[in-house]
Amino acid sequence: MTKKDRLIQNLRGKGVTVLHEKVGTCAECGTTIYCENGFLNGVLSANKTLKCFSCDERKVNNRVQLSPYQSNWPETFASEKNVILQQLGDPTIPIEHIGSTSVPNLSAKPIIDILLGVESLDEFTRYIQPLSQAGYEYVPKPELRARRFFKKETDTNDTFHLHICEWKGSEWEEKITFRDHLRANPGSVLAYESLKKQLAESYREERSVYTEKKGPFIQSILNHAYKKG
């Protein structure tokens with residue numbers, strides 16, 4: 001018997017009327033969802049799908065939400081860069097602002113993406129502890145072979161994604177090349193923004209699919225940049 005069930009049993013034993021009716025199960029994990037005294041311990045969507053609070057929160061975290069470009073994003077990056085360098089104790093470590101928040105006038109998910117370069121990816125583990133002191137959590141992602149991923153969320157609702165990869169390796173060069181091309185080509189920014197908005201509308205609840213569908217556009221820009229270079 002769960003703690004909640006024991007509480008309900010105690011209340012009933014004291015003569016308190018407790019309405020505790022099963023409504024259904026979570027469409028994601030199968031957890032039983034009840035209506036207790038008029039309050040649902042879950043979420044009922046517009047299409048009548050039931051979700052427990054945990055699954056609904058994961059869905060929100062997976063949602064694609066684009067924001068108009070914010071002029072303070074470069075300043076937010078610069079401030080965070082100083083925090084990271086101070087924590088690591090080495091001002092020579094290469095750190096760059098990447099992703100859509102690094103490109104003026106481009107809508108983006110409000111996440112500051114940061115690229116940190118190391119001589120060898122094997123040495124990234126020595127950064128886990130000092131980065132944790134700066135609020136960064138290491139998130140193992142086996143599918144990422146050429147970089148390592150950290151994330152940080154602050155009380156001011158700022159979110160940072162830190163990517164560690166080999167400095168001037170293929171991962172580093174691709175991300176910097178794509179960013180620099182967009183910064184120098186307003187026409188590409190408009191095309192990318194249009195694509196991002198279309199994909200965000202079509203795959204609003206599927207961030208991984210949204211990211212995957214941007215791949216061909218990004219690759220076409222890289223092919224053009226390398227051919228031109």
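Helices and strands are taken here as DSSP runs, helices having at least four residues and strands at least two, numbered from the N terminus. In these terms, the predicted model offers a chain with 8 helices and 10 strands. The chain has 229 residues, of which 37% count as buried. Among contacts with a separation of 6 or more, 54% are between residues 24 or more positions apart.

A good place to begin is helix α3, which covers residues 73-88 and holds Glu-80. Glu-80 has a relative accessibility of 6%, so it counts as buried, the cut-off being under 20%. The side chain of this glutamate has a partner in Lys-152, whose side chain makes a polar contact with that of Glu-80 at 2.8 Å. Lys-152 is also one of the residues that Glu-80 touches once those up to four places away in sequence are set aside; Ile-114, Tyr-136 and Phe-160 complete the list.

A second buried polar residue is found in strand β6 (residues 95-98), where His-97 has its place. Its relative accessible area is 4%, and His-97 is therefore buried. The side chains of His-97 and Thr-101 are joined by a polar contact of 2.9 Å. Beyond the neighbours within four places in sequence, His-97 is in contact with Trp-73, Pro-74 and Phe-77, with Ser-102, with Ile-112 and Asp-113, and with Arg-179 and Arg-183.

Attention now turns to the helices that follow later in the chain. Helix α6 (residues 186-202) has 17 residues, which should span 24 Å at 1.5 Å a residue; the end C-alpha atoms lie 25 Å apart, in agreement with that expectation. The buried residues of α6 are Ser-188, Val-189, Tyr-192, Glu-193, Leu-195, Lys-196, Leu-199 and Ala-200. These buried residues pack against three helices, α5 (170-184), α7 (207-213) and α8 (215-228).

Two packed helices are described by the angle between their axes and the distance between the axes. For α6 and α8, the angle is about 165 degrees and the axes are 11 Å apart. The pair is therefore roughly antiparallel, since angles over 145 degrees fall in that class. The crossing of α6 past α8 is right-handed. On the α6 side, the contact is made by Ser-188, Ala-191, Tyr-192 and Leu-195, and on the α8 side by Phe-217, Ile-218 and Ile-221.

Helix α8 also packs with α5, here at an angle of about 85 degrees and with the axes 10 Å apart. This angle makes α5 roughly perpendicular to α8. From α5, the residues Glu-173, Glu-174, Thr-177, Phe-178 and His-181 meet Phe-217, Ile-218, Ile-221, Leu-222, His-224, Ala-225 and Tyr-226 of α8. Phe-217, Ile-218 and Ile-221 of α8 thus appear in the contact with α6 and in the contact with α5.

Two loop residues deserve a look for their backbone angles. Asn-105 has a phi near 70 degrees, a positive value in a residue other than glycine. Asn-105 sits in the loop between β6 and β7 (112-118), and at 63% relative accessibility it counts as exposed. Lys-168, likewise not a glycine, has a positive phi of about 65 degrees. The loop between β10 (159-166) and α5 is where Lys-168 is found, and with a relative accessible area of 54% Lys-168 is exposed.

Terms used:
Residues are numbered from 1 along each chain as its sequence is written. This is a predicted model: local features need pLDDT of at least 70, side-chain atom pairs count only at pLDDT 80 or more; totals for chains, interfaces and linings use all residues. Side-chain values use heavy atoms; hydrogens and water are left out. Buried means under 20% relative accessible area, exposed over 50%, partly exposed in between (1.4 Å probe, protein chains only). A polar contact is a pair of N or O atoms within 3.5 Å; within protein, one must be able to donate a hydrogen and the other to accept it, and residues adjacent in sequence count only if both atoms are side-chain atoms. Contact means heavy atoms within 4.5 Å. The expected span of a helix is 1.5 Å times one less than its number of residues. Axes are lines fitted to C-alpha atoms, for helices over the stretch in contact, and angles run from 0 to 180 degrees between N-to-C directions. Angles under 35 degrees count as roughly parallel, over 145 as roughly antiparallel, 65 to 115 as roughly perpendicular and the rest as oblique. A crossing is left-handed if the near helix is turned anticlockwise from the far one by less than a right angle, and right-handed if clockwise.
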